Amino acid sequence: MPDFIMILILAPLVTLTLVALFVVMGVLFPRQISDVKSTSSEKPGRSFLLGLINVIFLSVIVAALSGGGEFPQLLGLLIFTVLVIGLAFGLAGIAPFIGERIFPDSSKVRQAGWGAAIMIVASLTPFIGWFLLFPYLSFHGLGAFILSFFTRTSSKPSA
Amino acid sequence: MREHPNDDTLQAYLDDELAKRERVGLETHLQACPECKADLARLRSLFSSIESLPSEALTTDLVSSVLAAIRPNANWLPSLALGELLAAAALTLVLVLWLGGVELQGRLAGAVQRLVGQLELATVGLSTTLNDLLVQVPDTPELSLFGLGGLVDNVLVSPSMLWIVGATAFALLLLGNGLVLRMGKDSNA
């Protein structure tokens, strides 16, 4: 089967699964996703910078650890997993942020779903999507997730 | 009820908040007082028109802005000064360099020796004619690309080097995260 046909089949499937993943994450972790969403809209610059720093240096650390023995490789895998989880939370927070801006009157689930779909399809745009938009969204989302994680409240506010 | 009720009483009547005795007294008064009856009708009309107004969606999300204003006070990130962050990063680097340095020392010494040898060869080559040098270079394993590749394999991508690169990246990650998060704390303060 030619590669481009394979891509044509895989792209919608991957889009669908990612949309479902982001919607489910929004349902399962509403507070975290809401925090990421609000952080990404309030502090876009710092989110991006923090995401960029973490992706670059964590990638270097993972690459360095993968060249070591069994234990360093395991540690590298662990760090990589944490990075992927952070990215998933970040992008799941960016999706409703996009959806809310495009469809302000829709329900939250619809906003998350459409936001995720538009984000993924836009990221599939050759070159611009692959090398500019998707990295930007990833850095932005990951940074917003880390920021929201570190600035969360220590206790519930008193009534 | 002999006196005319004020607007508050009429409003309480419309909201069904009057006690039974007050309500009966007011209703008796209203039957005999067309002026108060007109006031009541005016209030009723006013409230029904207010209720019939379409609800407008707020353009500004007040919840997120209020939460953002509250959060800095409840920030649980330990407050690290810039000096402390730099010290932590520097300490990590020193520790790692010291740990990895023992193995690296021998490798670096070997590498320097080889480099010196290559430089000597190159000097000898340069002392001959340019033509001789051009012929000699491909035949000299130490000066070939593979020779340099071996150098890279042996020194630059050694386990010690990986260890140092990883630790440096970790120190920079720590420093970068600390700086960006601290920048937020400063701007929120």
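The chat below goes through a predicted model of a complex with chains A and B.

Q: What scores does the predictor give the complex as a whole?
A: The complex gets an ipTM of 0.76 and a pTM of 0.56. This is a predicted model, and these two values come from the predictor.

Q: And what pLDDT does chain A average?
A: Chain A averages a pLDDT of 87, and 94% of its residues score at least 70.

Q: Where in chain A does pLDDT stay under 50?
A: Over residues 153–159. The model has five contacts for that stretch beyond four places in sequence.

Q: OK, now chain B. What's its average pLDDT?
A: The average for chain B is 71, with 57% of the residues at 70 or above.

Q: Which residues of chain B stay under 50?
A: Residues 138–153 of chain B do. For them the model has 14 contacts beyond four places in sequence.

Q: Changing topic. How many helices and strands are in chain A?
A: Chain A has six helices and zero strands. Read from the N terminus, the order is α-α-α-α-α-α.

Q: And how many in chain B?
A: Eight helices, and again zero strands.

Q: What share of each chain is buried?
A: In chain A, 38% of the 159 residues count as buried. In chain B, the figure is 6% of 189 residues.

Q: What about contacts between residues far apart in sequence, say at least 24 apart?
A: Take the contacts between residues at least 6 apart in sequence. In chain A, 69% of these join residues at least 24 apart. In chain B, 75% of them do.

Q: How many residues are in the largest nonpolar core?
A: That core has 38 residues. Those with the most contacts inside it include A:Phe22, A:Ile61, A:Ala92 and A:Met119.

Q: Which helices supply at least two residues each to this core?
A: From chain A, they are α1 (3–28), α2, α3 (44–66), α4 (70–102), α5 (108–123) and α6 (128–150). From chain B, α8 (159–188) does so too.

Q: Which one gives the most?
A: α3(A), with nine residues.

Q: Is there a general reason why nonpolar residues are buried together, or is that a tendency?
A: It is a tendency: in soluble globular proteins, nonpolar side chains tend to be buried together.

Q: Back to A:Ala92. What is it in contact with?
A: Setting aside neighbours within four places in sequence, A:Ala92 is in contact with A:Phe22, A:Met25, A:Gly26 and A:Ile33.

Q: A:Ile33 is in α2(A), right? Which residues of that helix are buried?
A: A:Ile33 is one of them. The others are A:Asp35, A:Val36, A:Lys37, A:Ser38, A:Thr39 and A:Ser40.

Q: What should the 13 residues of α2(A) span?
A: At 1.5 Å a residue, residues 30–42 should span 18 Å. The end C-alpha atoms are 18 Å apart, which agrees.

Q: And α2 of chain B, is it buried or in the open?
A: Largely in the open, because one of the 13 residues of α2(B) is buried. Its expected span is 18 Å and its end C-alpha atoms are 19 Å apart, which agrees.

Q: Where is B:Leu162, and what does it touch?
A: B:Leu162 is in helix α8 of chain B. Not counting residues up to four places away in sequence, B:Leu162 touches A:Ala64, A:Gly67 and A:Gly68. B:Leu162 counts as partly exposed, because it has 19 C-beta neighbours inside 10 Å, and a buried residue needs 20 or more.

Q: How do α5(A) and α6(A) cross?
A: Their axes come within 8 Å and cross at roughly 145 degrees. By class, the contact has five nonpolar, two polar and no charged residues. Among the residues that meet there are A:Met119 in α5(A) and A:Leu133 in α6(A).

Q: What sits in the loop between α5 and α6 of chain A?
A: A:Phe127 is found in that loop. A:Phe127 has a positive phi of about 65 degrees although it is not a glycine. A:Phe127 counts as exposed, with 8 C-beta neighbours inside 10 Å.

Q: Which residue of chain B has a positive phi without being a glycine?
A: B:Asp16, at about 60 degrees. B:Asp16 lies in the loop between α1 (7–14) and α2 of chain B. B:Asp16 is exposed, with 7 other C-beta atoms within 10 Å.

Terms used:
Residues numbered from 1 in each chain as written. Chains lettered and ligands numbered in written order. Predicted model: local features only at pLDDT ≥ 70, side-chain atom pairs only at ≥ 80, totals over all residues. Helix = DSSP H or I, 4+ residues; strand = E, 2+ residues; numbered from the N terminus. Expected span 1.5 Å × (residues − 1). Buried ≥ 20, exposed ≤ 12 C-beta atoms within 10 Å, placed from the backbone. pLDDT = per-residue confidence, 0-100. Contact = placed C-beta atoms within 7 Å. Core = buried A, V, L, I, M, F, W, Y, C linked by C-beta atoms within 7 Å. Axes fitted to C-alpha atoms, helices over the stretch in contact; angles between N-to-C directions. Nonpolar A, V, L, I, M, F, W, Y, C, P; charged D, E, K, R; others polar.
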